[in-house]
Amino acid sequence: MKTAALLSMVTAATAHYTFPAVTIGGQSTSNWEVIRQTANHQSTGPIEDVSSRLMSCYELNTAGPWSDTGVLDVQAGASVSFTSSPPIFHPGPALAYLAKVPEGTDVTQWDASGAVWFKIWQDEPTISSDSITFPTMDSPTIDFSLPSCLESGQYLLRVEHIALHSAGAPQFYLSCAQINVSGGSGGYNPAGMLSFPGAYSLSDPGLSANIYWPVPTSYTAPGGPVGSC
Ligand SMILES: [Cu+2]
């Protein structure tokens, strides 16, 4: 175990990843077709400053508009699979957030500033007496479903993986898909409305955790709980 941890730290510098493509309800996109191209599309490196403007969608183009990126028509409740390129290399939680585009605005023109984000999904690690294991380790995808009770309309869908291999120095890997949801029953109840940046602090237990030693007995990802239908 200690050997594996050391090895992952030694090779960490070059082993990063992006989320450039997504499959929703069986529709697969090509890279950066409906996902805003990220600033790390070549370097694949992480965001390391939780107060960075990039924490929203990590766009290469921070000013917008994002009209060169398409909008994917999807059904509420559809299964979602983001591609990790290359596969996720670091241990840590995976999370998904939505932000609903205001009436009268188009998603390709919207920067999602302010308290507009809500968490729709996160995974859970497996914890034993001598290790904590996150389900997306070495995974080529991040998989979850859209809530079935979303209101119809355009959203930004933000997928995130937080790498915790370097204690006290979390790394953020993320991207945002532009989607247009229909077929939902409505009535989704967010657990809280969040801003990116702003939702996370380095002192959050889920970000300051040392996952190697002593092995945590519990783990709570940052950003609060997931909402519900
Ligand atoms: Cu890395």
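**Close-up views of a predicted two-sheet chain**

**View A. Strand 1 and its partners in the four-stranded sheet**.
Strand 1 is joined to strand 4 (residues 79-85) by five bridges, and the two run antiparallel. The coordinates shown are those of a predicted model. Within this pairing, V22 stands opposite F82 of strand 4. Six of the seven residues of strand 1 (residues 18-24) are buried, so this strand is largely enclosed by the rest of the structure. Strand 1 also pairs in the antiparallel sense with strand 2 (residues 27-28), here over two bridges. I24 has Q27 of strand 2 as its bridge partner. The connection between strand 1 and strand 2 is a hairpin with two residues between the strands. In that turn, G25 has a positive phi of about 55°.

**View B. The four-stranded sheet as a whole**.
The sheet is open, has the strand order 2-1-4-9 and shows antiparallel pairing. Its edges are strand 2 and strand 9 (141-145), each of which pairs on one side only. Strand 4 and strand 9 run antiparallel and are joined by five bridges. One of the residue pairs to inspect is T83 with T141, its bridge partner in strand 9.

**View C. The five-stranded sheet**.
A second open sheet contains five strands in the order 3-11-10-5-6, and its pairing is mixed. Strand 3 (72-75) and strand 6 (117-122) are the edge strands, each with pairing on one side only. On average, neighbouring strands of this sheet are turned by 40° against each other, direction ignored. Strands of a sheet pair through backbone hydrogen bonds, either parallel or antiparallel. An antiparallel example is provided by strand 10 (residues 153-163) and strand 11 (residues 171-182), which pair over 11 bridges. Here G153 has V181 of strand 11 as its bridge partner. Strand 3 and strand 11, in contrast, run parallel and are joined by four bridges.

**View D. The edge strand 3 and its two faces**.
In a regular strand the side chains alternate between the two faces of the sheet. Strand 3 follows such an alternation: L72 and V74 point to one face and are buried. D73 and Q75 point to the other face and are not buried. The bridge partner of L72 in strand 11 is I179.

**View E. The largest nonpolar core and the surroundings of L157**.
The largest nonpolar core has 56 residues. Those touching the most other members are V22, Y97, A99, Y155, L156, L157 and A177. At least two residues of this core come from each of strand 1, strand 3, strand 4, strand 5 (94-100), strand 6, strand 10 and strand 11. Strand 11 gives the most, with seven residues. Around L157, the contacts are A96, L98, C176, A177 and I179, not counting residues up to four places away in sequence.

**View F. Y58 in the loop between strand 2 and strand 3**.
Is Y58, placed in a loop, buried or exposed? Y58 has 27 C-beta neighbours inside 10 Å and therefore counts as buried, given that 20 or more are required. Leaving aside neighbours within four places in sequence, Y58 is in contact with T38, A39, N40, I47, L174 and S175. H41 lies 17 residues from Y58 in sequence, and the C-alpha to C-alpha separation of this pair is 9.7 Å.

**View G. The complete chain and its confidence**.
The chain contains two helices and 11 strands. From the N terminus on, the elements run α-β-β-β-β-β-β-β-β-β-β-β-α. Along its principal axes the C-alpha trace spans about 55 × 35 × 35 Å. The radius of gyration is 17 Å, which agrees with the value near 17 Å for a compact globule of 229 residues. Of the 229 residues, 38% count as buried. Among contacts with a separation of 6 or more, 77% join residues 24 or more positions apart. The average pLDDT is 94, and 94% of the residues score at least 70. Over residues 8-12, however, pLDDT stays under 50, and for this stretch the model has five contacts beyond four places in sequence.

Methods. Residues numbered from 1 in each chain as written. Predicted model: local features only at pLDDT ≥ 70, side-chain atom pairs only at ≥ 80, totals over all residues. Pairing = 2+ DSSP bridges. Axes fitted to C-alpha atoms, helices over the stretch in contact; angles between N-to-C directions. Buried ≥ 20, exposed ≤ 12 C-beta atoms within 10 Å, placed from the backbone. Rg over C-alpha atoms; globule rule 2.2 N^0.38 Å. Contact = placed C-beta atoms within 7 Å. pLDDT = per-residue confidence, 0-100. Core = buried A, V, L, I, M, F, W, Y, C linked by C-beta atoms within 7 Å.
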